[in-house]
Structures are given as C-alpha cells and as structure tokens.
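Grab a pencil and work through these exercises one at a time. Try each task yourself before you read its solution.

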Amino acid sequence: MNTSLRESLKKLRLSGLADSLDVRLTEATSSRLSHAEFLELIVQDELAVRKDRLITRRTNAAAFRDQKTLEDFDWSFNPSVHRKTIFDLAAGEFMRQARDVLLVGPPGVGKSHLAQGIGLALIKSGHTVLYRSIFDTVKELLHDEAFEGHDKIMQSYLKPDLLILDDMGMKHLPKRSGEFLFEIIMRRHELRSTIMTSNRPLEDWGKLIGDVPAATAILDRFLQDAELIQITGKSYRLRNKSATDDETQPKTGQTRSPGKSRKQGT
C-alpha cells in the first residue's frame, strides 16, 4: 500500500482498514476474491476495530473497581451461586424489561465480582454501564450539591443503560444519603436497570442509611419487580486461610506437646 493511500485512509479515520489492507490485498490475489468479497473483508476489519475501541471506551467509562469476568469466577467454590441465573442476567433480558437486580450475602462470597462480570458482559453486548460503590455515590452527590453541580452529576447516574451500586452495608452512610439514593432509584425505575449488592440483610438498611422511611421507600420501589439473589457460604478471599487452619489443627487422638502449649490469660 502506498503512502498516499495510507494517509487518505487515516484522514477518513479508517485506521482498522488501513492496518489490515496489505494482508487483505495479498489474500485477495492468492484466493482470487471478487471485488465484492474483498470489499466485504476490509469493511468487516474496520467494523471489528471500531467495536473493540468502543468496548474499551465504555469499559473505561464504567470505572469498574476490578475488570473481572464471569469466566474468571470460581463456580465450584460456592454452590449457592446458580450459574444459569447469572448468565441469564449477563444475556441482558432483565435490561430489556427495565428490571433491577439485588445481590445479597455476606462479604467475600462474590457479589461484587458477579455484578462487575455481568456489567462487562453487557458492555460487550453494546450497552453502557456505570459502576460505583454506594458510599462513593453518596459522597459524590453530597459534594457536588454543595458546589451547585447536583443536576449534572445526577444525570451521570441516570444516563447509563445499567447502573451498578456496590457495597451497601460496608459502612454507615452520611446524613441525607437516603434522599439521594431514593432519587436515583425513583428516576431510573422502570426506565433503566440497576444492580445493587448488599452485605447486610434488607431489614438493616434503615440503620445503614440513617433514615428508615427513605430506606423503606427505596426498597419498595426497587424490589417491585427485581431479581433478588441470596448468596450464602464462606468468603472466597479467606479460602487459603481456612485450608491453612485445617492443616494446623491437631488430628483426632493427638495432643500438642506440653512444651509447645500456650498459657491462658497472657
């Protein structure tokens, strides 16, 4: 490919086509492709590059804490996680119905991994996603309200096809948190989907938010037509520690050497 043609393709922003053109020209000659077949190949190359770039931009914009995929999830560790249910969510049918999802369970059972894995899969399917911890969401809205930026930042939470609010229950939220969370849930309700994760049971939300009526209103609206997924089991992050503890426990019928016993009360 001559320099003039390459520069022209770049001006037209056809860099994907430009990168593959030499290879496709060789293929066209050796395979005796028709003009239409050759044109289809180079157009598909350009579309593939543009799709990859779009996925990269949307993944960066989603601001995932960890770019974890569902393929990376250890399904064998926790049988309470139903693989089919999660992959059905990743297929996006709940979004087409503008339904919400709530993942509830103790810390370490994989809620954040699953939520982010679903989000990443949906980005690859053509959707926009925003990921935030619940605490960062409230902090951001409180900060921007003080500087008259509330409407702009609120729009950033309302615009994505999917909003993921992670880590409800990690800590108590600041005052007025309930107002902001209710506004987000209310304005997205039945329009765009939201996934939330919670380390605490739903009855504790009033204490966490510091506003029982607001928590009740949020749950009433959010759970109206939501998929509620309860996850149980041990923490995946502590799996190695559990194995180590098991190895250090004395076997049945054995006692520790008196010289290595620890004194009580020290």
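**Exercise 1: Two helix crossings**

Helix 2 passes helix 3 in a right-handed crossing. Keep in mind that you're looking at a predicted model.

*Task.* Describe how helix 2 and helix 3 pack, and say what kinds of residues make the contact.

*Solution.*
- Step 1: start with the geometry. The axes of helix 2 (residues 15-31) and helix 3 are 9 Å apart, and the angle is about 150°.
- Step 2: find the residues. On the helix 2 side, the contact includes Leu17, Leu21, Arg24 and Glu27. On the helix 3 side, look for Phe38, Asp45, Glu46 and Arg53, among others.
- Step 3: sort them by type. The residues of this contact of helix 2 with helix 3 split into eight nonpolar, three polar and five charged.

*Task.* Now do the same for helix 4 and helix 6.

*Solution.*
- Step 1: the axes of helix 4 and helix 6 (residues 111-124) come within 8 Å and cross at roughly 35°. This crossing is right-handed.
- Step 2: helix 4 brings Ile86, Leu89, Ala90 and Ala91, and these meet Leu114, Ile118, Ala121 and Leu122 of helix 6.
- Step 3: sort again, and you get eight nonpolar residues, no polar ones and no charged ones.

**Exercise 2: Aromatic pairs**

*Task.* How many aromatic pairs does the structure hold, and how is the pair of Trp75 and Phe87 arranged?

*Solution.*
- Step 1: recall what you need. A pair of aromatic rings is described by the distance of the centres and the angle of the planes.
- Step 2: count the pairs. There are four aromatic pairs in the structure.
- Step 3: take Trp75 and Phe87. Their ring centres are 5.6 Å apart and their planes sit at 35°, so this pair is tilted.
- Step 4: place the two rings. Trp75 is in the loop between helix 3 (35-62) and helix 4 (83-91), while Phe87 is in helix 4, 12 residues apart.
- Step 5: check how accessible each one is. Trp75 has a relative accessible area of 13%, so Trp75 is buried. Phe87, at 32%, counts as partly exposed.
- Step 6: look for a cluster. Ring pairs link Phe73, Trp75 and Phe87 into one.

*Task.* Is the pair of Phe77 and Tyr236 stacked or edge-to-face?

*Solution.*
- Step 1: Phe77 and Tyr236 are 5.0 Å apart, centre to centre, with 85° between the planes. Planes over 60 degrees apart count as edge-to-face, and that's how this pair is classed.
- Step 2: Phe77 lies in the loop between helix 3 and helix 4, and Tyr236 in the loop between strand 5 (227-230) and helix 12 (239-248), so the pair ties together parts 159 residues apart in sequence.
- Step 3: Phe77 is partly exposed at 30% relative accessibility, and Tyr236 is partly exposed with a relative accessible area of 30%.

**Exercise 3: The two sides of a helix**

*Task.* Which residues of helix 11 are buried, and which are exposed?

*Solution.*
- Step 1: Ala214, Ala215, Ile218, Leu219 and Phe222 are buried in helix 11 (residues 212-222).
- Step 2: those buried residues cover an arc of only 130° around the axis, so they're on the same side of helix 11.
- Step 3: flip to the other side of helix 11, where Val212, Pro213 and Asp220 are exposed.
- Step 4: see what the buried residues pack against: strand 1 (101-104), helix 9 (177-188), strand 4 (193-198) and helix 10 (205-209).

Notes. Residues are numbered from 1 along each chain as its sequence is written. This is a predicted model: local features need pLDDT of at least 70, side-chain atom pairs count only at pLDDT 80 or more; totals for chains, interfaces and linings use all residues. Side-chain values use heavy atoms; hydrogens and water are left out. Rings of Phe, Tyr and Trp (its six-membered ring) pair if their centres lie within 6.5 Å; planes under 30 degrees apart count as stacked, over 60 as edge-to-face and the rest as tilted. Helices (H or I, at least four residues) and strands (E, at least two) are DSSP runs, numbered from the N terminus. Buried means under 20% relative accessible area, exposed over 50%, partly exposed in between (1.4 Å probe, protein chains only). Axes are lines fitted to C-alpha atoms, for helices over the stretch in contact, and angles run from 0 to 180 degrees between N-to-C directions. A crossing is left-handed if the near helix is turned anticlockwise from the far one by less than a right angle, and right-handed if clockwise. Contact means heavy atoms within 4.5 Å. Ala, Val, Leu, Ile, Met, Phe, Trp, Tyr, Cys and Pro count as nonpolar, Asp, Glu, Lys and Arg as charged, and the others, Gly among them, as polar. The arc is that of the directions from the helix axis to the C-beta atoms.
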